[in-house]
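Reader: I am new to this structure and would like to understand the words used for it. Could we take them one at a time?

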Amino acid sequence: MLTSLAEAAPRERPAYRSFRVRVARVERLARHFTSVTFAGDDLDEFGTAGLDQRVKVVLPLPGVGFAAFPEGDDWYGAWRELPAGLRNPFRTYTVRAVRPEAREVDIVFVGHGDAGPASAWAATAAPGDEVVLIGPDELSPGRTVGIDWRPGEVETLLLAGDETAAPAIASILESLPSDATGIALIEVPAHADRLGVRAPAGVEVRWLAREDADCLHGGLLIPAVRDWVVRHLAARGVARTADVDAATALAAAEQADLPDTPLWDVPEGHSLDGDCYAWLAGEASAITTLRRFLVREAGLDRRQVAFIGYWRMGRAELD
Ligand SMILES: Cc1cc2nc3c(=O)[nH]c(=O)nc-3n(C[C@H](O)[C@H](O)[C@H](O)COP(=O)(O)OP(=O)(O)OC[C@H]3O[C@@H](n4cnc5c(N)ncnc54)[C@H](O)[C@@H]3O)c2cc1C
């Protein structure tokens with residue numbers, strides 16, 4: 001009997017899968033940054049594409065651990081069917097380093113108190129603690145899914161983000177060619193939160209410590225991006241006539257009542273033509289303000305701006 005085509009075709013390996021891992025080491029990198037190294041028998045198959053690749057960290061339920069957590073391709077659908085009390089919390093993070101030969105993965109957690117399960121977990125993480133990572137499968141054709149950094153062939157790079165984007169920015173900077181040019185603006189809570197990052201000589205890395213201004217998230221990042229863009233355009237002989245301050249204030253005001261939608265707009269980048277590419281990630285309201293400034297006032301093409309809301313002030317990550 002002939003087998004149908006559908007039966008004969010091999011099923012494509014999904015881009016993401018679950019990895020059961022344990023904490024191997026915990027390192028306090030800076031006042032608000034903790035690096036956790038996870039080890040697991042099958043982490044030699046964890047995706048190595050790097051950059052800003054995102055993963056889910058699934059946390060244990062008190063008294064239950066992971067007994068109810070569904071594995072398999074449709075883990076999310078099965079998880080949603082569980083009674084609320086049996087749903088393990090999970091949050092989104094960036095892969096900071098992968099060492100397949102050692103079967104290890106590093107993730108850097110921002111500590112922001114115990115309001116959220118992930119921050120609270122990282123504050124007390126210790127060797128032997130168990131989590132599940134939903135991460136890229138190196139053996140899948142979709143192994144680069146979850147990477148939003150797509151600059152194409154542009155002359156100047158602008159990376160801007162708050163502390164939650166610092167691990168992604170650090171990984172992206174390390175991946176750049178030695179002749180890359182641009183700037184990375186990283187807003188962190190305190191001077192003690194500056195991390196050691198390797199960047200090409202032509203890419204300035206500027207840390208902005210909120211403790212200097214006693215301001216909210218975005219309070220230093222927004223004006224720093226605005227100033228850099230205005231100077232960058234002026235240096236290229238592009239006249240600016242817009243009232244930048246007024247436009248930025250307006251955009252910020254518009255954000256007072258953000259809709260309940262994820263903030264995610266990532267261009268492909270392949271059509272960019274040698275100008276500037278901006279990658280913005282961090283607190284949703286600040287990132288939206290920045291994107292509006294870049295697109296509406298500075299005149300960048302939307303396809304030149306990737307913006308990703310990494311978290312939202314006053315709201316837990318939807319799970
Ligand atoms: C693609 C992507 C990659 C990310 N990568 C990283 C990463 O590598 N490292 C990292 O630390 N975070 C990263 N984040 C952000 C992280 O997912 C959120 O900060 C998440 O809300 C943390 O979960 P939680 O359980 O600690 O807090 P939640 O339960 O989600 O939130 C509880 C409360 O804490 C607030 N909150 C959440 N995060 C912060 C914060 N950083 N500072 C102050 N208040 C906060 C919320 O507004 C809410 O009021 C990433 C997010 C995305 C979407």
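Author: Gladly, and let us start with a cysteine. In this predicted model, C215 has a relative accessible area of 24%.

Reader: Why is C215 called partly exposed?

Author: Buried means under 20% and exposed means over 50%. The 24% of C215 falls in between, so C215 is partly exposed.

Reader: And what makes C276 count as buried?

Author: The relative accessibility of C276 is 3%. That is under the 20% limit, so C276 counts as buried.

Reader: How many disulfides does the structure hold?

Author: Zero. To count as a disulfide, two cysteine sulfur atoms must lie within 2.5 Å of each other.

Reader: Why is D214 called exposed?

Author: Its relative accessible area is 72%. Exposed begins over 50%, so D214 belongs in that class. D214 sits in the loop between β9 (203-209) and α5 (221-235), and its phi is near 50°, a positive value in a residue other than glycine.

Reader: Why is helix α4 described as largely enclosed by the rest of the structure?

Author: Helix α4 covers residues 166-175, and eight of its ten residues are buried, so the description follows. Among the buried ones are A166, I169 and L173.

Reader: Now the ligand, please. What makes the approach of R91 to the ligand a polar contact?

Author: An N or O atom in the R91 side chain is 2.9 Å from an oxygen atom of the ligand. A polar contact needs a pair of N or O atoms within 3.5 Å, so this pair qualifies. For T94, a polar side-chain atom lies 2.8 Å from a nitrogen atom of the ligand. In R312, a polar backbone atom is 2.6 Å from an oxygen atom of the ligand. The protein covers 92% of the 920 Å² of accessible area that the ligand has on its own.

Reader: How do you know that the ligand lies between two domains?

Author: Domain 1 (16-136) and domain 2 (156-311) both give residues to the shell around the ligand, so the ligand lies between them.

Reader: Which element gives the most to that shell?

Author: Strand β4, with four residues. β4 (90-99), β5 (104-110), α3 (117-124) and β12 (305-311) each supply at least two. The shell residues divide into 13 nonpolar, seven polar and five charged. Of the 25 residues around the ligand, T92, V110, H112, R312 and E317 come nearest.

Technical notes. Residues are numbered from 1 along each chain as its sequence is written. This is a predicted model: local features need pLDDT of at least 70, side-chain atom pairs count only at pLDDT 80 or more; totals for chains, interfaces and linings use all residues. Side-chain values use heavy atoms; hydrogens and water are left out. A residue is near a molecule or strand if one of its heavy atoms lies within 4 Å of it. A polar contact is a pair of N or O atoms within 3.5 Å; within protein, one must be able to donate a hydrogen and the other to accept it, and residues adjacent in sequence count only if both atoms are side-chain atoms. Accessible areas come from the Shrake-Rupley method with a 1.4 Å probe; for residues, only the protein chains shown count as cover. Ala, Val, Leu, Ile, Met, Phe, Trp, Tyr, Cys and Pro count as nonpolar, Asp, Glu, Lys and Arg as charged, and the others, Gly among them, as polar. Domain bounds come from an automatic or database domain assignment. Buried means under 20% relative accessible area, exposed over 50%, partly exposed in between (1.4 Å probe, protein chains only).
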